[in-house]
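Visitor: I should like to understand how the words used for a structure follow from its computed values. May we look at one together and take the terms in turn?

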Amino acid sequence: MTALTVNERPVDFAMDPATPLLWALRDAANLTGTKYGCGVGDCGACMVLVDGEALRSCLITLAEAEGRSITTIEGLSRDRSHPVQQALVAEQAIQCGFCTPGIAIAAAALVRRNPDPSAEDIRASVPNLCRCGVYPRLVEAIQRAGRVTRRSETISAAPPPGIDPADAARAVPAMAGGSEEGLEP
C-alpha cells in the first residue's frame, strides 16, 4: 500500500508503486478533474500540487508521491471560491475546459508564491498548453487572482457547482425526458 494525503485526506493506494500518480488519482480515487493529455509531461493537463508545488502527475509514480500531500483541482476549492478559479471565470479565460484544471493548479502555486506576478512570471510558471488559445486572457486572469489574493480587488462569486436537473430541463428542453413539457419520446 502506498500512503499519501489527497485533498487533505489520508489515502492508501493498493496499486503498483510504479503507477503514475495521474492514474491512481483518476482510476482509484475517482478524481477525474486531473486530465490525461499527453502522458509525457508536455501539456500540463495533469498538473497537481505536490507539497504545494505544481507538478505533472503523469511523471510522478505512486512510490515518489508516498508520504506527500497532493492537491487536485477538486481539492483546490470545493465551492470554486479560490481566487484563481474566480479570476479564470471573470476574465473568460476558459474555453473547452480540458486544460483548465492543470492551468488553475499551476496558477494557484504561482499566486501563492508570488501574489504580484508579471506576465513573464506567468509564462515561466504556467507552461500549460491550451488548444483553445486562452493565453492573453490567462495572463490577466492570473494577475487578477493575485490582486484578489493581495486583497486589493474582489470578484463576484462564480455560480455554485451543479444544477438541478429540473432547472436544466427548463433551460435545455432536449434534456427533458419523455413527453414532459410537450416533448415526445
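Guide: Let us begin with E53, which has a relative accessibility of 46% and therefore counts as partly exposed. The model before us is a predicted one.

Visitor: What makes E53 partly exposed?

Guide: The term buried requires a relative accessible area under 20%, and exposed requires one over 50%. At 46%, E53 meets neither condition, so it is called partly exposed. E53 belongs to strand β4.

Visitor: How far is E53 from T71, in sequence and in space?

Guide: The two are 18 residues apart in sequence, and their C-alpha atoms are 9.5 Å apart.

Visitor: Why is T71 called buried?

Guide: The relative accessible area of T71 is 18%. Since buried means under 20%, T71 is buried. T71 lies in strand β5.

Visitor: Which residues are in contact with T71, if its neighbours within four places in sequence are left aside?

Guide: They are N7, V48, L49, L76 and I105. Contact here means that heavy atoms come within 4.5 Å.

Visitor: I turn to the cysteines. How do you know that C46 is in no disulfide?

Guide: A search of the whole structure finds 0 disulfides. For C46, the nearest cysteine sulfur is that of C58, 3.7 Å away. A disulfide needs two cysteine sulfur atoms within 2.5 Å, so C46 does not qualify.

Visitor: What is the corresponding value for C132?

Guide: The nearest cysteine sulfur to C132 is that of C96, at 3.8 Å. The limit is 2.5 Å, and C132 is therefore in no disulfide.

Visitor: Are C46 and C132 buried or partly exposed?

Guide: C46 has a relative accessible area of 3%, which places it under 20%, so it is buried. C132 has a relative accessibility of 36%, which lies between 20% and 50%, so it is partly exposed.

Visitor: Let us consider the helices. Why is α4 described as largely enclosed by the rest of the structure?

Guide: Of the 8 residues of α4, 6 are buried, and the helix is therefore described as largely enclosed. These buried residues are P83, V84, Q85, Q86, A87 and L88. They pack against α3, α5 and α7.

Visitor: What makes α4 oblique to α7?

Guide: The axes of α4 and α7 come within 8 Å and cross at roughly 135 degrees. An angle over 145 degrees would count as roughly antiparallel, and one of 65 to 115 degrees as roughly perpendicular. The angle between α4 and α7 fits neither description, so α4 is oblique to α7. The crossing of α4 with α7 is right-handed.

Visitor: Which residues meet where α4 contacts α7?

Guide: From α4 come P83, V84, A87, L88 and A90, and from α7 come L138, A141, R144, A145, V148 and T149. Sorted by class, this contact has 9 nonpolar, 1 polar and 1 charged residues.

Visitor: Why are α5 and α7 also called oblique to each other?

Guide: Helix α5, residues 100-113, packs against helix α7, residues 135-149, at an angle of about 45 degrees, with the axes 10 Å apart. Roughly parallel requires an angle under 35 degrees, and roughly perpendicular begins at 65 degrees. The angle of about 45 degrees falls between these limits, so α5 and α7 are oblique. Here, too, the crossing is right-handed.

Visitor: Which residues of α5 and α7 meet?

Guide: I103, A107, L110 and V111 in α5 meet L138, I142, A145, G146 and T149 in α7. The contact has 7 nonpolar, 2 polar and no charged residues.

Visitor: Finally, what is noted about the phi of Q92 and that of D51?

Guide: Q92 has a positive phi of about 50 degrees although it is not a glycine. D51, also a residue other than glycine, has a positive phi near 50 degrees. Q92 is in the loop between α4 and α5, whereas D51 is in the loop between β3 and β4.

Visitor: Are Q92 and D51 exposed or partly exposed?

Guide: Q92 has a relative accessible area of 56%, which is over 50%, so it is exposed. D51, with 48%, lies between 20% and 50% and is therefore partly exposed.

Terms used: Residues numbered from 1 in each chain as written. Predicted model: local features only at pLDDT ≥ 70, side-chain atom pairs only at ≥ 80, totals over all residues. Heavy atoms only, no water. Axes fitted to C-alpha atoms, helices over the stretch in contact; angles between N-to-C directions. Helix = DSSP H or I, 4+ residues; strand = E, 2+ residues; numbered from the N terminus. Left-handed = near helix turned anticlockwise from the far one by under 90°. Nonpolar A, V, L, I, M, F, W, Y, C, P; charged D, E, K, R; others polar. Buried < 20%, exposed > 50% of the residue type's maximum accessible area, 1.4 Å probe, protein only.
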